[in-house]
Amino acid sequence: MLRRIEPDSAEPVARRVFRELRHAIVTMEFRPGQPLSEQEVAGQLGVSRQPVREAFIKLSESGLVLIRPQRGTFVVRISAKQVMDARFVREAVELAVARKAGEGLPARVVQELEANLKGQREAAGSTNPTAFLELDEAFHRTIALGVDCEYAWRVVEETKAQMDRVRYLSLPQATPLDRLIAQHEGIVEGIRARCPDAAEAAMRLHLREILTSLPELARRFPDLFDSDSTPAEPVAESA
């Protein structure tokens, strides 16, 4: 169920509507192939149709919805090709960020990462993958902002929408949370040791986890994936 948008002058309504709808799509509250009604969404959120229309356009640009004039707006099915394209871009950006973080992060940022890891371990014991995914998101954002790479993080955010749906589907069966936490710990260890090579290698291992889970998920949930893009089995990649 969508949460109503409360009045808040600090952030544009359309941006908050976009964030709420993106979350609903990523967490499968809105399923692939489902039609979305401007009027119904506006009613649930307690806003006018204009910010919903703007959010639909932004979601279309992110590859999460398809707007068909005179026919409606639909949540797109997951495209394995787009997921792999996004992973390629995200890896290129975040490996550079991790390497920079390995050259040195302020002590307070390292402490934030350690506190985040503690939260991840606690969330792993719950049955709600959303809490873990929010911490995972914060973990990567903290590293990027910690090395003053805000624009790099915005690029990652805009690129990884399709990846986020796969990540949600993969937890915890296809991708054990303990494995992800261990990978995050490896990244922090490289940063703490001020070893750019180790931080970069740990980030690479983490971001390639999706290569293993994607084919399995496409087989388990064929109705959620675009039929013209079948992911191949993962192959070994050199570091």
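How do the residues of the lining of the largest pocket divide into nonpolar, polar and charged? Figure 1 takes up this question, and the views after it move on through the rest of this predicted model.

**Figure 1. The largest pocket and its lining.** To answer the opening question, the lining of the largest pocket is made up of 20 charged residues, eight nonpolar ones and four polar ones. In total, 32 residues line this pocket, and the space inside comes to about 980 Å³. If you would like a place to start looking, try F18, R19, R22, E137 and E157, the lining residues that lie nearest the pocket's centre.

**Figure 2. The helices around the largest pocket.** Five helices each supply at least two residues of the lining: α1 (13–26), α3 (49–61), α6 (129–146), α7 (150–159) and α8 (161–170). Which helix gives the largest share? That is α1, with nine residues of the lining. Two of the other helices, α3 and α7, have close-ups of their own below.

**Figure 3. Helix α3 and its buried side.** Here you can follow α3 from end to end. Its 13 residues should span 18 Å at 1.5 Å a residue, and the C-alpha atoms at its ends are 19 Å apart, which agrees. The buried residues of α3 are P51, V52, A55, F56 and L59. They sit on the same side of α3, because they cover an arc of only 145° around the axis. The spacing helps to make sense of this pattern: an α-helix has 3.6 residues a turn, so residues three or four places apart point the same way.

**Figure 4. The two faces of helix α7.** Three residues of α7 are buried, namely A152, W153 and V156. Because their arc around the axis is only 100°, they lie on the same side of α7. What does the face turned away from that buried side carry? There you will find the exposed residues Y151 and E158.

**Figure 5. The largest cavity.** The structure holds one cavity of 30 Å³ or more, and about 210 Å³ of space lies in this largest cavity. Elements giving two or more residues to its lining are α6, α8, α10 (196–207) and α11 (210–220). The biggest contribution is that of α8, with four residues. Of the 16 residues that line the cavity, R167, L180, H206, E209 and I210 lie nearest its centre. By type, the lining divides into seven nonpolar, five polar and four charged residues.

**Figure 6. Cysteines without a disulfide.** How many disulfides does a search of the whole structure find? The count is zero. Why is C149 not bonded to C195? The sulfur of C195 is the closest cysteine sulfur to that of C149, yet the two are 18 Å apart, too far for a bond. A disulfide would need the sulfur atoms within 2.5 Å. Seen from C195, the closest cysteine sulfur is likewise the one in C149. As for their surroundings, C149 counts as buried because its relative accessibility is 16%, while C195, at 30%, counts as partly exposed.

**Figure 7. V97 and a residue far along the chain.** This last view turns to V97, which has its place in helix α4 (residues 80–102). With a relative accessibility of 5%, V97 counts as buried. V97 and E200 are 103 residues apart in sequence, but their C-alpha atoms are 8.3 Å apart in space.

Definitions and conventions
Residues are numbered from 1 along each chain as its sequence is written. This is a predicted model: local features need pLDDT of at least 70, side-chain atom pairs count only at pLDDT 80 or more; totals for chains, interfaces and linings use all residues. Side-chain values use heavy atoms; hydrogens and water are left out. On a 1 Å grid over the protein atoms alone, a cavity is a set of points where a 1.4 Å probe fits but cannot get out, and a pocket is an open set with protein on both sides within 12 Å along at least five of seven lines; lining residues have an atom within 4 Å of a point. Grid points are joined across faces, edges and corners, and a volume is the space filled by probe spheres set on the points. Ala, Val, Leu, Ile, Met, Phe, Trp, Tyr, Cys and Pro count as nonpolar, Asp, Glu, Lys and Arg as charged, and the others, Gly among them, as polar. Buried means under 20% relative accessible area, exposed over 50%, partly exposed in between (1.4 Å probe, protein chains only). The expected span of a helix is 1.5 Å times one less than its number of residues. The arc is that of the directions from the helix axis to the C-beta atoms.
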